[in-house]
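The following report describes a single protein chain, beginning with one charged residue and then widening to charge pairs, a helix and the chain as a whole. Please keep the sequence and the structure at hand while reading.

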Amino acid sequence: MSETPINDRDAARRLARDGRWEDLRQLLLTSVDTDTGPVNAWCRAHETHGSIEDYLDDVEPARRAAAARTDAAVEAGRPAPALHDEIWFGLVTASLRGRRTAVAPDLLELAVADGLWTVRQAVAHLHRDRRIRPGHGQGLLGLLPHAPVADRPELLALASAAVAGTRDPYQRVYGWVALLPHLVPGDRAAAVAAALDTVLAMDEIGFRNVLPDLAPHLSTDQVRHVLEVAADHHEGIWCKLVAVLAPMLSQEQLRQAMAVAAGIGVPAWQAGILTAFLPHLPAELRAGVVAEALDAAVACPDVDREEALAGVAAYLSTRQLERAAVAAADSPYPYHRARMLALLVPHAPDRWLPQLLATALASNHKPARAHLLAALAPRLPAGPRRGVLAAADALADPSARAAVLTALLPHAPDGAGTTVIDRAVAAATAVNGRHQRTAALLALVPHLPPDRLHRCLDAVLADLAADPDAADLARLAPHLADRHWPAALAVAAADRHKRERLLLSFVPHLPPDQVEPALAVAAGGPPGSGAVSVRVALARRLPAERRGALLRRILADTAVVVGDDAARVRVLVALVPHLRTDRLGDVLRAATAFGDAHHRAQVLVALVPHLPAATAPALDAAVAVEHPGPRTGLLARLAPSLPPDLLRRATGAVLGVAHGRLRAEALGALLPYLPAEDRAAVLATAVESLAAIRVMNDHAAALAGLVRYLPADLLHELYTRAAAPVPFVRSLATLAPHLPDGHRQSAVAVALAAATAGDRGYALPGELPALLPLLSADQLERAVAATLDLDVSSVEALTALLPYLSGDRRADVLAHALAATASIVDLPYRLDALTVLLPHLPVDERDTLVGEALATVLVAAADHRQACMLVTLGPVLSPGRLDRAMAVAVALPGEHDRTWAMAGLAPHLPPALVARYAPEASDDVTMAAMARQAAACVAADPAQTPLALAVLRHALAAPDRATALAGLAGLAGFVGTVTGAGVGPCLDAVLQTAAWWR
């Protein structure tokens, strides 16, 4: 193959035509080193010539040939090593398909604008067979200005088809709205109609949230129809929508809406509509509407009156202002009163000012006084302003003092400017609380001279370094001098969660010499689409010669689904148990390359039982995990493999966890492996951790891992604590089996008395199950009697009783449980209760109830509640009913709901339904669930091998690499069995394709 020129783009077709599959394989899987790392050589040759789709055409014959060899081997009962080639080619093409998601519109447009790609190359990366992936039509819009005029209709047609095929209704509406400005009138009308149909099919929340974005494009008739639908939804939604649509309504529609508003019984809604109309009314109508709006505002309660007055204040006559002032003064709450008067100050006659100032100075409510003084400061003449300055100095609260002094700054009395600045900065600096202090200092920034400004900015940055806030830094950015930017970038670098938002807020304001440092901060963050957006935004600030190199690096990084590290972690963990010892070192090297400590730790912890050399790096990574829940979980998993010195280090890391339950649970997991000399001290610490836990469930969960190691004195101490003053019933039930006989009986008696106490009956359903195995016959009867006295919330407790009852008593409790279940009004809660109760019912009765429940769920609203109810019913559904449930799950409009329902139902599917619905798994979560179920089907019946093979192929044909890896992770053991050659080549495929397209 070395003599085959890499620029001979027909070579692959000739090799396929001649059946030279091994030569074709070598050509397709050859690497070449570049300045951005190793890449796939044959793909690079096609990409250079703008024919990336031709590369995929070259891969397909090799994949089909490998599949044919696999099928023949499986049918003959022989090992099928060609399956490894299918996995190679599947991950190769999935990585390139994933580019459609990863290359965001801003990156796509900049790559074309800078000449790195032609429009043809850019479009080729987004589609296959002239079909843009649904949801990515907007990515084409940035290309339109760079495309030849003759090509633009085709781009718009592709984008329109992609938007129309988008399943998520929100994305579909926003996609149409983005396209509308680019469409010709006829196409625009059709797009508006399609978007409106989507909006009208939404629930109230979607309708209210999405429609304002579409509203400016609606015709008069469409607006009328929308208002009619809004009225059917809810009067309040209609009011908010009319207020948003006000600029688009005709004079006739405004009159109609005002007539409707007059009949609305909620003054705040009336006021909101009428004040929204005021800027759009002709003069002859406005006066009457102002009067109506003021009437509505006066009728509002305090909390709404302030907002209503804010909307109408600018239109009020002097007499109406007097009425508004009276309404404001009527408030019994000083702060509301001051805020409403402050709204009127900018419009008040000069003759009012002395009285308003006297009102402010006479207020005993300091925040109210400060608010009104701050509003008055710009209106007062010089003499009274000096009185405001004195009043500000008299305010004890630095926040109130800073607010008044800041309002005075632009209007400081002659000769007092420096004094006001000094006092304002001192007051703002003295404010308690970081957020309040930062707000006070930021309010000062526009009014300060350069020397004071820099010191104020230093103070704000020092505060933000301790507690970063993206919104505050965005407000600060326009005022920063060159010397402040290193500190600002350090704040961004220190906050991994807000880093992207912080950097994006900086981009427009960065000095040229700070763009490169900002890029370094962006590069140090976790990979993801947000990180790409930051780098692209910063790239626009670079000189052209530097920008090209950066864009090539970004495009190389985004040639797969950005941020699929989690998917690679899952597949590496899945492969580890099936690898030969000589391949585990490759996993170790791959794991240590993960930048995120949690990702690194997950793989390393999985490696430790198979590769002792991974033990120390695994502990290092686990200790470095930021969140305490995952950190303690990983440390607990490591414990059995740690030598004494590392075990002591792990114990120290657990002892440093602030969360009491997590600390106690992890210590319980470590205890069996600790040296005897360390165990007593750790137990004492664990007991103290339990003492700090105030939530019963957390206390019992933490105690469960410790109780069998506790000596008698600590057991008695915990028993005493759990028994009083408010008994922890579940903890007592956990302790009881380990206590001496006398104390055991006492603990059970105390716990039962607490659980069945009349004033705590609400807790019985949750507490009783833990107690039941410990109860005597008399105590059991008391528990039954107490449970039967409860209301419908007793279903859980009644069901828990059933295994301990027999005969007539069991039948009686079962009847009560059924009645209680039927009386639960909320359908999801009723289904939860029903699924717990079903195993205790006769088969025919169980089948009838399940059928009725499923029929109810299938006609419920298609939303998250329906998804959850489908998952709840999954364990009790027959194959036929599972088929109906899965059909509904697949059709759910929301991506999250669809994923939740499909993944939740997958573990219950028989082989025939796995085969039917695996092609519908279009994301890594649902594909992982389908792959695990296919593997379970094969484990139960080896004759299902073709099913698992089909699911794996569906995964490899997925639209992104994360989904392909999820399928491979779920079927890793199956692959090793079918190929007869282990999973080493799978590991090569995972690692090599990651290296080619990272």
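## A buried arginine without a partner

Arg631 is buried and yet takes part in no salt bridge, the nearest side chain of opposite charge being that of Glu626, 7.8 Å away. The model is a predicted one, and the values given here are computed from it. Arg631 belongs to helix H37, which runs over residues 628–638. What lies 2.7 Å from a polar atom of the side chain of Arg631? It is the backbone oxygen of Glu626, while the side chain of Glu626 remains 7.8 Å from Arg631. When neighbours within four places in sequence are set aside, the residues in contact with Arg631 are Ala622, Val623, Val625, Glu626 and Val657.

## Charge pairs

Side chains of opposite charge can pair when their charged atoms come close. In this model the count comes to 40 salt bridges, and the table lists three of them.

| Acidic residue | Basic residue | Closest N to O distance |
|---|---|---|
| Asp85 | Arg69 | 3.5 Å |
| Glu86 | Arg953 | 2.9 Å |
| Glu109 | Arg540 | 3.2 Å |

The salt bridge between Asp85 and Arg69, with its closest N and O atoms 3.5 Å apart, links helix H5 (residues 82–102), where Asp85 lies, to helix H4 (residues 52–76), where Arg69 lies, and the two residues are 16 residues apart. Asp85 is buried, because its relative accessible area is 11% and buried means under 20%. Arg69 has a relative accessible area of 38% and is partly exposed.

Glu86, also in helix H5, forms its salt bridge with Arg953 at 2.9 Å, N to O, and Arg953 sits in helix H56 (residues 945–956), 867 residues apart from Glu86. Here Glu86 is buried at a relative accessible area of 2%, whereas Arg953, at 22%, is partly exposed.

For the third pair, Glu109 and Arg540 meet at 3.2 Å, N to O. Glu109 lies in helix H6 (residues 105–113) and Arg540 in the loop between helix H31 (529–539) and helix H32 (544–557), so this salt bridge ties together parts that are 431 residues apart in sequence. Glu109 is buried, with a relative accessible area of 17%, and Arg540 is partly exposed, with 41%. Shared partners also join salt bridges into one network made up of Glu22, Arg25, Arg69 and Asp85.

## Helix H25 and its surroundings

Which residues of helix H25 (residues 434–444) are buried? They are Arg434, Arg437, Thr438, Ala440, Leu441, Leu442 and Leu444. These buried residues pack against four helices, namely H23 (398–408), H24 (417–429), H26 (450–466) and H27 (470–476).

## The chain as a whole

The protein chain contains 59 helices and four strands, and its C-alpha atoms fill a box of roughly 100 × 90 × 60 Å along the principal axes. Of its 998 residues, 51% count as buried. Among the contacts with a separation of 6 or more, 64% are accounted for by residues 24 or more positions apart. The chain exposes about 42200 Å², of which carbon and sulfur atoms supply 56%. As for charge, the chain has 91 positive and 103 negative charges, and the mean positions of the two sets are 4 Å apart.

Technical notes: Residues numbered from 1 in each chain as written. Predicted model: local features only at pLDDT ≥ 70, side-chain atom pairs only at ≥ 80, totals over all residues. Heavy atoms only, no water. Buried < 20%, exposed > 50% of the residue type's maximum accessible area, 1.4 Å probe, protein only. Contact = heavy atoms within 4.5 Å. Areas by Shrake-Rupley, 256 points an atom, 1.4 Å probe, with all protein chains shown as cover. Lys, Arg positive; Asp, Glu negative; His and termini not counted. Charge placed at Lys NZ, Arg CZ, Asp CG, Glu CD. Salt bridge = Lys/Arg side-chain N within 4 Å of Asp/Glu carboxyl O. Polar contact = N/O pair within 3.5 Å; in protein donor to acceptor, adjacent residues only side chain to side chain.
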